[in-house]
Amino acid sequence: MRFARGLAAALVLCTTAAAGCGLGGGEDEGEVELTVTRDYGGELMHQTSDSIRESDTVMRVLDRNADLTTRYGGGFVQSIDGLAGSTSGGRRSDWFFYVNGIESPTGSAEYDPSDGDRIWWDYRDWTAAMRAPAVVGSWPEPFMSGFQGTHWSTTVECEARSEACRTVEDRLNSARIATMPPTVVERSGDQTFSREITRIDGIRVVVGRWASLATDPLVDVLAEPPSESGVFARFVGTRRPLLEVLNQEGQPAGSIGKGGGLIAALRPGDGPPTWVVTGTDAKGVAAAANLIGDQLRNHYAVATQPGAGPIGVPVP
């Protein structure tokens with residue numbers, strides 16, 4: 001009886017502890033990458049690979065690799081390496097985590113990672129945007145491993161069979177990401193890219209000028225503030241659009257006219273994300289397409305302008 005009571009107590013502790021407790025870790029089930037940053041990826045704190053076992057959760061992986069404190073019975077992260085959630089001047093900062101570029105709706109103590117997952121913890125001010133449902137900074141995910149065990153197909157949709165369209169296709173294929181043959185949406189005169197979206201079965205990579213993409217029902221949110229889109233950049237106007245980049249408070253930090261480009265991920269529901277490769281003009285779209293690759297890593301979204309490299313947004 002004494003052993004039974006001890007076992008029961010141990011099991012109770014296991015359900016409330018942050019990590020590491022369990023009656024046998026199980027066999028190795030592969031490897032994950034763990035990244036810890038702050039300020040929307042602006043400062044890298046940790047980056048490592050870790051083997052996972054059957055009993056592992058995202059929380060346990062973090063606990064093995066960082067100094068961790070939790071709250072609410074061990075279900076939520078309070079601090080990593082001493083950096084804790086806080087409120088100052090009416091602004092709130094906390095820890096958020098992504099798996100393969102998707103903000104998880106499941107708590108880290110319940111999320112079971114899979115082989116190849118890229119786990120990203122970021123400490124950020126979320127006053128201007130409580131959620132950023134999808135990000136580009138875990139490239140080449142989510143194209144390779146999907147999310148929560150669901151693997152998605154990838155479809156490239158282009159305004160025209162342009163240099164940018166070919167670049168996007170080449171970059172995806174070079175990363176061994178299988179894509180459906182690109183769909184070219186013809187544009188004539190002032191006609192804009194427009195289609196009725198009834199069902200999305202996989203990841204869309206939409207490529208084209210903002211003037212042509214602005215009426216796409218899953219892309220037009222990029223004209224809204226980050227509280228709506230989750231992206232700290234937005235397009236103003238359509239005929240001669242400006243790409244406005246924002247700071248962490250959601251305030252304008254500058255605007256880009258000719259040659260401005262943006263690559264961002266959107267996820268309005270619980271399905272696969274839509275990646276948008278766009279710009280103020282054809283030159284900007286081509287520049288955005290050339291960002292696809294490791295330049296995206298640890299950024300929520302990336303902008304570009306003539307004479308400059310990648311610009312992580314939000315900007316400092």
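A residue is called buried when its relative accessible area is under 20%, exposed when that area is over 50%, and partly exposed in between, with a 1.4 Å probe and only protein chains considered. The exercises below concern a predicted model, in which local features need pLDDT of at least 70 and side-chain atom pairs count only at pLDDT 80 or more, while totals for chains, interfaces and linings use all residues. Residues are numbered from 1 along each chain as its sequence is written, and side-chain values use heavy atoms, with hydrogens and water left out.

**Exercise 1. Classify the ring pair formed by Phe-97 and Tyr-111, and state whether each residue is buried or exposed.**

Step 1. Rings of Phe, Tyr and Trp (for Trp, its six-membered ring) pair if their centres lie within 6.5 Å, and planes under 30 degrees apart count as stacked, over 60 as edge-to-face and the rest as tilted. The structure holds 14 aromatic pairs on this criterion.

Step 2. Because the centres of the Phe-97 and Tyr-111 rings are 6.3 Å apart and their planes stand at 85°, the pair is edge-to-face.

Step 3. Helices (H or I, at least four residues) and strands (E, at least two) are DSSP runs, numbered from the N terminus. Phe-97 belongs to strand S7 (residues 91-99), whereas Tyr-111 lies in the loop between strand S8 (102-103) and strand S9 (118-125), so that the pair links distant parts of the chain, 14 residues apart.

Step 4. With a relative accessible area of 8%, Phe-97 is buried, and Tyr-111, at 3% relative accessibility, counts as buried too.

**Exercise 2. Describe the geometry and the setting of the pair made by Trp-210 and Phe-235.**

Step 1. The two rings are stacked, at 4.8 Å centre to centre and with 10° between the planes.

Step 2. Trp-210 is in helix H4 (residues 210-213) and Phe-235 in strand S13 (residues 233-236), 25 residues apart, and this pair also links distant parts of the chain.

Step 3. Both Trp-210 and Phe-235 are buried.

**Exercise 3. Work out the order of the open sheet that contains S3, S4 and S5, and identify its edges.**

Step 1. Two strands pair if DSSP finds at least two bridges between them. The open sheet has three strands in the order S3-S4-S5, with antiparallel pairing.

Step 2. Strand S3 (68-71) and strand S5 (83-84) each have a single partner strand and therefore stand at the edges, one side of each being left without a neighbour in the sheet.

Step 3. Four bridges join S3 to strand S4 (residues 76-80), and Leu-68 stands opposite Ile-80 in S4.

**Exercise 4. Establish how strand S12 is covered and how it pairs with S10 and S17.**

Step 1. Strand S12 (residues 203-209) is mostly covered, since six of its seven residues are buried.

Step 2. Strand S10 (residues 154-158) pairs with S12 in the parallel sense over five bridges, and the bridge partner of Val-156 in S12 is Val-205.

Step 3. S12 is also joined to strand S17 (residues 274-279), in parallel, by six bridges, with Val-206 opposite Val-276 in S17.

**Exercise 5. Find the buried residues of helix H2 and the strands against which they pack.**

Step 1. In helix H2 (residues 58-65), the buried residues include Val-58, Met-59, Arg-60, Val-61 and Leu-62.

Step 2. Taking contact to mean heavy atoms within 4.5 Å, the buried residues of H2 pack against strand S1 (28-38), strand S2 (43-53), S3, S4, S7 and S9.

**Exercise 6. Compare the backbone and the exposure of Asp-39 and Asn-100, and locate the cis peptide bonds that precede Pro-142 and Pro-314.**

Step 1. Most residues other than glycine have a negative phi, and most peptide bonds are trans.

Step 2. Asp-39, in the loop between S1 and S2, has a positive phi near 55° and is partly exposed, with a relative accessible area of 27%.

Step 3. Asn-100, in the loop between S7 and S8, has a positive phi near 55°, but this residue is buried, with a relative accessible area of 1%.

Step 4. The peptide bond from Glu-141 to Pro-142 is cis, with omega near 10°, and Pro-142 is placed in the loop between S9 and S10.

Step 5. The peptide bond from Val-313 to Pro-314 is cis, with omega near 10°, and Pro-314 is found in the segment after strand S19 (311-313).
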